[in-house]
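Me: I have a structure here and some words I would like to understand. Could you go through them with me?

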Amino acid sequence: MKTKVYIDGSEGTTGLRINERFEGRDDIEVLKIDSEKRKDPEERRKFINASDVTFLCLPDAAAIEAVSLVNPDNDHTVIIDASTAHRTEEGWAYGLPELGKEFRERIAKSQRIANPGCYAS
């Protein structure tokens with residue numbers, strides 16, 4: 001079974017780069033939203049909740065909104081946020097495993113992962 005991935009903000013630089021990394025992979029199904037509906041909250045909700053992993057490649061406010069679109073009963077979708085919105089947010093794993101064993105373990109088990117950004121990386 002393929003892992004279903006949705007990239008919210010797939011038309012921006014970060015989203016395009018993530019898409020490039022998945023090209024040619026036969027173990028991943030990238031869910032593609034119609035470009036005319038990419039800012040429609042209900043359409044985004046469908047894609048986020050249908051995915052196994054959603055990457056948020058959005059400005060902070062849009063990333064916060066995207067997280068609010070996760071259905072309360074959704075216990076399967078992992079959110080990886082490339083914005084700064086959730087880096088220090090309670091309940092989010094800080095996505096820099098090199099900081100130590102507890103960081104690696106938390107990232108591996110978490111459904112909410114905040115990307116550390118280019119400066120920390």
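**Terms and values**

Reply: Gladly! Four bridges join strand 1 to strand 2, and these strands run parallel. The chain crosses from strand 1 through helix 1 to strand 2 in a right-handed β-α-β crossover. This is a predicted model, in which local features need pLDDT of at least 70 and side-chain atom pairs count only at pLDDT 80 or more, while totals for chains, interfaces and linings use all residues. Residues are numbered from 1 along each chain as its sequence is written, and side-chain values use heavy atoms, with hydrogens and water left out.

Me: What makes strand 1 and strand 2 a pair?

Reply: Two strands pair if DSSP finds at least two bridges between them. Strand 1 and strand 2 have four bridges, so they meet the definition of a pair. Among the partners, Val5 is matched with Val30 in strand 2, and Tyr6 with Leu31 in strand 2. The strands and helices themselves are DSSP runs, numbered from the N terminus: helices are H or I with at least four residues, and strands are E with at least two.

Me: Why is the crossover from strand 1 to strand 2 called right-handed?

Reply: Imagine the strands pointing away from you: a crossover is right-handed if the path from the first strand over the helix to the second runs clockwise. The path from strand 1 through helix 1 to strand 2 is right-handed, so it runs clockwise in that view. Strand 3, helix 3 and strand 4 also make a right-handed β-α-β unit.

Me: Which strands form the sheet, and in what order?

Reply: Six strands form an open sheet in the order 2-1-3-4-6-5, with parallel pairing. Strand 2 (28-31) and strand 5 (93-94) are the edge strands, because each pairs on one side only. Helix 1 (residues 13-22) packs on the sheet, touching strand 1 (3-8), strand 2 and strand 3 (53-56), and its direction makes about 160 degrees with that of strand 1. Helix 2 also packs on the sheet, touching strand 1, strand 2, strand 3 and strand 4, at about 145 degrees to the direction of strand 1. For such angles, axes are lines fitted to C-alpha atoms, for helices over the stretch in contact, and angles run from 0 to 180 degrees between N-to-C directions.

Me: How do you know that strand 4 and strand 6 pair?

Reply: Strand 4 (residues 78-81) and strand 6 (residues 112-114) are joined in the parallel sense over three bridges, so they satisfy the rule for pairing. Ile79 stands opposite Arg112 in strand 6. Strand 1 and strand 3 pair in the parallel sense over four bridges, with Val53 in strand 3 as a bridge partner of Val5. Strand 3 and strand 4 run parallel too, joined by four bridges, and Phe55 has Ile80 as its partner in strand 4.

Me: Is Glu43 buried or exposed, and why?

Reply: Buried means under 20% relative accessible area, exposed means over 50%, and partly exposed lies in between (1.4 Å probe, protein chains only). Glu43 has 14% relative accessibility, so it counts as buried. Glu43 is found in helix 2 (residues 41-50). Leaving out residues up to four places away in sequence, Glu43 touches Ile33 and Lys37, where contact means heavy atoms within 4.5 Å.

Me: Why is Gly24 called exposed?

Reply: Gly24 has 83% relative accessibility, so it counts as exposed. Gly24 sits in the loop between helix 1 and strand 2. Gly24 and Ser68 are 44 residues apart in sequence and 32 Å apart in space, C-alpha to C-alpha.

Me: What makes Gly95 buried?

Reply: Gly95 has a relative accessible area of 18%, so it is buried. Gly95 lies in the loop between strand 5 and helix 4 (101-109). Not counting residues up to four places away in sequence, Gly95 touches Ile107, Ile113, Ala114 and Pro116. The C-alpha atoms of Gly95 and Asp40, 55 residues apart along the chain, are separated by 28 Å.
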